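Please examine the sequence and the model shown below. The paragraphs that follow lead from one pair of helices to the interior of the protein.

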Amino acid sequence: MANRADRANSGCEVWVRIALGALLFCSAALGEVKPLSINIGAIIALNTTNGKIAETAIELAVEDLNRNTSILNGTLLNIHIRDSKQDALTGASAALELIRKGCVSIVGPQTSVVGEFVGYLGVAAHVPIVTVGATNPSLSMHRYPYFIRAVPNDKIQMKAIAKLIEEYKWTDVALVYVDDDLGTSAIPALNDALREARAKIVFQAAVDPQANVSSIRKLLEDQLIELESRVFIVHMHADLALILFSEAYKLKMISSDYVWIISDGFANLLDSFDANSFLSMNGVLGVKRKLTQTDQPRLNEFAKRWKQRFRAQNPTIPSLELNAQAIVAYDTVWAIAFAIDRLLHMKSWKGGFSETSSSTKVLNFKVFDGGEQLLKEILETNFLGLSGLVQINRERGEPLECSYDIINVVGNNYSVIGSWTERDLNISWKREIHWGSGPTKTPRGWKIPAPGKKLKIAVPWQQVLSPFLNVKLDHDSAGAQNQTYEIKGFCIDVFKLMLKRLDYELPYELIPYGTGSVTAGYYDDLVYQVYLQNFDAVVGDVTVLANRSRYVDFTQPYTLYTESGLIMIVAISDKRSSDSWAFLHPFTPAMWITTVTFFIFTGAVVWFLEHRQNRQFRGTPRKQVLTFIWFSFSTLFMTQRERIASCLGKAVVTIWLFVVFVLVSSYTASLSSMLTVKQIVPNVENLESLIAQNSPIGYQQGSFIDKYLVQQLGVDESALRPYSSAQESADALKKGPNNGGVAAIFEEQIFAQKIFLSAGCNDYTRLGPVYKTGGFSFVFPKGSPLVSGVSKAILNLSESKEMQAIRKRWFNSTENKCNIESGGLDSNKMSLKDFWGILLFTGCVSFLTLVYYLCRLLYRFVHRNENSSHDKSISTRLRTFANYADKKDIQAPKRKRHKADTLPTSSELPVSTEQM
């Protein structure tokens, strides 16, 4: 009986198992089986403050999810947290362990160096990695398709910092950063952002992650306090940054003369600092991740629960406040849960792991089957979390839009003074900035030389005196060890007046450069001395050139734009006509030919109009030709004896006599000018002719002009002749190229206008175009913060009456003595283009009058002979018409006429008129 009962029980058990199996099979086929639990992981640096803060937030997120019945539909979420210890190998090992445990997604890591390794493993295992702290821009979805960033990368916050610097036009900044992946990964992004803001990093100070108080103080005393730049960007961990500001405060570097800007990582922890920490940071600026559209009551409730849990878990840590990174970590867990929930509802969840490649076998882990679907769903995240609207850019795998608050530490707290958004890249200000102790004036961003330290300013020294710059050795100090000099001139006056327009004192010392003898390349060498830091600046007649600007900075030119450039100066001579054919010079050959043609054409038209009815235009062929020629040219002197009978003829002659009057008057005036007025004509045609003939060309010794002529204008170097003074150049031009002199001189336009041409305008003139240069300017080292202020002061000075007074003082005695634009006069010959309008008018009138007369004559001829010309050939008709046109007009108007001017009437002559 017992055996039978056992067999019965055994049979029932088999059937139950079969039934359960069938039920499970059917449920699986219908997609209704849901996992009881799903594993996710987290890799956090638990040895850091941010790591501990994020750990508590992640745990609370999982607890809230498991209590919420509206999500995951009863499936539990298990969290496995591992410590990366900010070490790449430890973090990679933790990731491997989590993948082996079947975690379908991993939150973290917090550092970029760990993120590199974890990103590779995420791609190999098809496990989405959602970091809440790795900000290195190189960690992108293009390199790691399964790597998603829940926080902005460093490029975004560096753009916000660069915009803050651009707002106040600071150009030079110093970067103080921690020498690990947090600090080094941000440098390229900061460089790019500052370049767009027209600023640059002039100094970088790397701080060891294990640095102590003494090493940081040494950095401040030996390097940072000596820098010319006073704008510092601090990008480091909170513990190091607090030491830095504490020591800087002791060295009085936290004042209105300095600008300190902190990055988001440090600014996020400001809520947890005590009053002493804020005291050492008074006036500090920073950027802090802005949380938008937050559910404030829910956030406040979460902050309360988080604070209680954190204190319980970390009793030895001083009280800390919830920060943005913890809130983002909380929302990240919810984002993963929402993605899983959508897959469960769509019955597309694949929670299994399988071996698909040899590499996974070597590392002893399997590939997540549902990784691709989960990744897509995470990228589709769109919900309102504690941090606001959570959305991810599908292409970049980063938050869709970011914004930062601009904060300012004031007293024992900080305030939000503005905001920057990624959308419009501009700062919206809310209140003024408190710049620390002292005045509230905006800091310059650079250090003014100490009262006892003067700027060493070099001055060009030439023995030849010039209104631009004069350097004279004080004879009383000649031979002494410390010689003194008298330095004055237009350039010096401009410099001194410019200094008065600066809003700060600028102590300086003028030092003549050289020994007074100018050699080849003198000015280039002088400028290069600033690059070598032998001088702090150069004040003088230094021209702005592109090749010089590669290693120094120039201020705004203090000469006018119209005065800048090179011009060619040539000798002039009197070319008054003295040959026997001088009377032909007023008109060009084309003008002479056209004038004679119009005389003949007008005479022919008048003869044709008057021939039939004016006796003075009739007679033998010889007489008619002589009459035609005489009438044509007698109008030149208005002495024609023939009277005009027809109205058409009178109209033509009246207009023609006016044209003749204009031509004769212009000819007389031009000829008189050529024979009596001095004709200033340059001895050189143009630069091209000089180059073709290899004629000698002079230039100022030591200037850039020789290189410019060779490299830019194609002048042969063998044709160049250097001269040290304007007098030498003038003498060389007077001699000419055939007597050991030169054919032309190239000089700066302002120098030529104020000194050279105005002193000898009867002998020299300008020829050709102006070859533009940058003008005269002051020289400073590359990146000098003085350039901006000095340039503004020069612009201010150039618009004032004082600049005109300086010009009048130094150049009044030589200015406006001659017009340099008169150089290179064209010939005074008048051409057809000077009279084409009036000639066209008289030509059109004569031609149209002739056409009208011919049409009227043809009309009369046709009506008179319409019955007798049908059977005649064309040649016969033409001869008949010619005879008719040559006949006397038998239909002359019946009115009184002068006896000598009219033809006999038809009653006085026989019908068959004689042919004359």
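Is the crossing of helix 8 and helix 9 left-handed or right-handed? In this predicted model, the two helices cross in a right-handed manner. Two packed helices are described by the angle between their axes and the distance between the axes. Here, the axes of helix 8 (residues 213–222) and helix 9 (residues 238–250) come within 9 Å of each other and cross at roughly 55 degrees. Because angles from 35 up to 65 degrees count as oblique, helix 8 is oblique to helix 9.

The residues that form this contact can now be named. Helix 8 contributes Val213, Ile216, Arg217 and Leu220, while helix 9 contributes Leu240, Ile243, Leu244, Glu247, Ala248 and Lys250. Sorted by class, the contact consists of seven nonpolar and three charged residues, with no polar ones.

The next topic is the interior. The largest nonpolar core contains 113 residues, and Leu224, Trp260, Ile262 and Ile340 have the most contacts inside it. Helix 13 (residues 324–345) supplies the largest share of this core, namely 14 residues. Ile262 may serve as an example: leaving aside residues up to four places away in sequence, Ile262 touches Val234, Phe245, Ala267, Leu270, Met281, Val284, Leu285, Gly286, Val287 and Ile407. A second core, separate from the largest one, has 53 residues, including Phe468, Ala537, Phe751 and Met803.

Finally, consider helix 16 (residues 490–500), which is mostly covered, with nine of its 11 residues buried. Among these buried residues are Phe490, Ile492, Asp493 and Leu499.

Notes: Residues numbered from 1 in each chain as written. Predicted model: local features only at pLDDT ≥ 70, side-chain atom pairs only at ≥ 80, totals over all residues. Heavy atoms only, no water. Axes fitted to C-alpha atoms, helices over the stretch in contact; angles between N-to-C directions. Helix = DSSP H or I, 4+ residues; strand = E, 2+ residues; numbered from the N terminus. Parallel < 35°, antiparallel > 145°, perpendicular 65-115°, else oblique. Left-handed = near helix turned anticlockwise from the far one by under 90°. Contact = heavy atoms within 4.5 Å. Nonpolar A, V, L, I, M, F, W, Y, C, P; charged D, E, K, R; others polar. Buried < 20%, exposed > 50% of the residue type's maximum accessible area, 1.4 Å probe, protein only. Core = buried A, V, L, I, M, F, W, Y, C linked by side-chain atoms within 4.5 Å.
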